[in-house]
Amino acid sequence: MQQKGAIQIIEWEDLDKRKFYSLGVFMTLTTRATVYPASLIRTRLQVQKGKAMYSGTFDAFCKILRTEGVRGLYRGFMINTFTLVSGQAYITTYELVRKYVSHYSPSNTVKSVVAGGAASLVAQTITVPIDVVSQHLMMQGQGEHHSRFKVKPKMMLATSKRNPTFGQSREITVQIFAADGFRGFYRGYVASLLTYIPNSALWWPFYHFYAEKLSLMAPSGCPHLILQAVAGPMAAATASTITNPMDVVRARVQVEGRTSVIETFKQLLAEEGIWVMTKGLSARIISSMPTSVLIVVGYETLKRLSLRAELIETRHW
């Protein structure tokens with residue numbers, strides 16, 4: 001176990017892997033269910049032209065809830081649950097790369113940057129096809145669509161023998177494949193990498209940095225988990241603000257079927273000015289901050305619960 005400031009970091013070799021993975025699936029699913037509505041709102045805000053439908057995050061939340069109900073906030077959620085696989089791939093890659101990099105550098109910042117970026121690369125390769133489908137489903141509703149693909153009318157879905165939720169996912173999947181082939185499921189892949197690799201590479205070192213600083217400022221006896229829970233949202237807000245411009249481009253590329261990241265960026269600037277790069281930022285921060293609290297509290301607790309049996313008595317928090 002490595003010491004950073006007053007915060008102890010549980011490393012990969014300290015974990016009971018069976019406990020780690022079984023508890024990790026539950027943690028990931030709970031986190032995604034909690035923050036999904038904010039992700040849906042963020043996507044709709046980023047894709048809309050100007051303020052054609054929503055004037056902001058709160059306005060979008062109220063309108064979706066009023067016209068589509070709670071289910072409207074969870075459009076595409078069922079297909080999105082398949083990202084549980086990428087979640088497990090992410091944490092495994094992060095921990096293994098940290099262990100590998102430790103052979104070459106003792107710096108926690110270096111380990112966090114490299115491991116965070118590598119973990120995001122692996123996770124996004126799995127996640128992008130799921131995101132492409134779920135984002136098109138997010139855009140269904142309220143009669144105005146910015147998505148290239150649309151699901152069948154409700155009456156047709158109601159008479160289908162398939163489960164309506166997965167029936168909609170299937171309809172979108174078939175339409176994407178018919179229009180663009182297999183490559184259609186990786187539309188925006190480069191934009192996703194340009195968004196999430198820096199975001200992940202920034203989040204981890206900022207998280208450890210803020211946790212260390214808070215530990216030096218906190219009164220004696222303050223639980224480390226509380227300090228980490230505060231450091232997580234601070235890191236999320238910082239990383240989200242820095243990477244939001246590319247996230248806006250990514251959403252437009254994936255939902256509107258654009259092919260060029262650079263041309264999309266130029267067109268957005270020409271149409272809506274520099275402030276277009278802040279579209280959905282508040283929703284993204286609102287989404288990422290509680291996500292970070294859940295991730296930090298859940299992940300740090302998960303690691304503590306997953307300590308190998310012979311280490312439990314020697315670790316004090």
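A cavity here is a set of grid points where a 1.4 Å probe fits but cannot get out.

**View 1. The enclosed spaces in this predicted model.** Start with the overall tally: there are three cavities of 30 Å³ or more. The views that follow go into the largest cavity and then the second largest one.

**View 2. Inside the largest cavity, a space of about 1100 Å³.** A total of 38 residues line this cavity. If you want to find its centre, look for Arg 32, Gln 124, Tyr 196, Thr 291 and Ile 295, the lining residues closest to that point.

**View 3. The helices around the largest cavity.** Six elements each give two or more residues to this lining: H1 (17-47), H4 (84-101), H5 (108-138), H8 (189-217), H9 (224-256) and H11 (281-305). Helix H1 provides the largest share, with nine residues. What classes of residue make up the lining of the largest cavity? Here 20 are polar, 13 are nonpolar and five are charged.

**View 4. The second largest cavity, with about 70 Å³ of space.** This one has 13 lining residues. Nearest its centre sit Ile 9, Ile 10, His 208, Glu 300 and Lys 303.

**View 5. What surrounds the second largest cavity.** Strand E2 (7-9) gives two or more residues to the lining, and so do helices H4, H8 and H11. How do the residues of this lining divide by class? Six are nonpolar, five are charged and two are polar.

Notes: Residues are numbered from 1 along each chain as its sequence is written. This is a predicted model: local features need pLDDT of at least 70, side-chain atom pairs count only at pLDDT 80 or more; totals for chains, interfaces and linings use all residues. Side-chain values use heavy atoms; hydrogens and water are left out. On a 1 Å grid over the protein atoms alone, a cavity is a set of points where a 1.4 Å probe fits but cannot get out, and a pocket is an open set with protein on both sides within 12 Å along at least five of seven lines; lining residues have an atom within 4 Å of a point. Grid points are joined across faces, edges and corners, and a volume is the space filled by probe spheres set on the points. Helices (H or I, at least four residues) and strands (E, at least two) are DSSP runs, numbered from the N terminus. Ala, Val, Leu, Ile, Met, Phe, Trp, Tyr, Cys and Pro count as nonpolar, Asp, Glu, Lys and Arg as charged, and the others, Gly among them, as polar.
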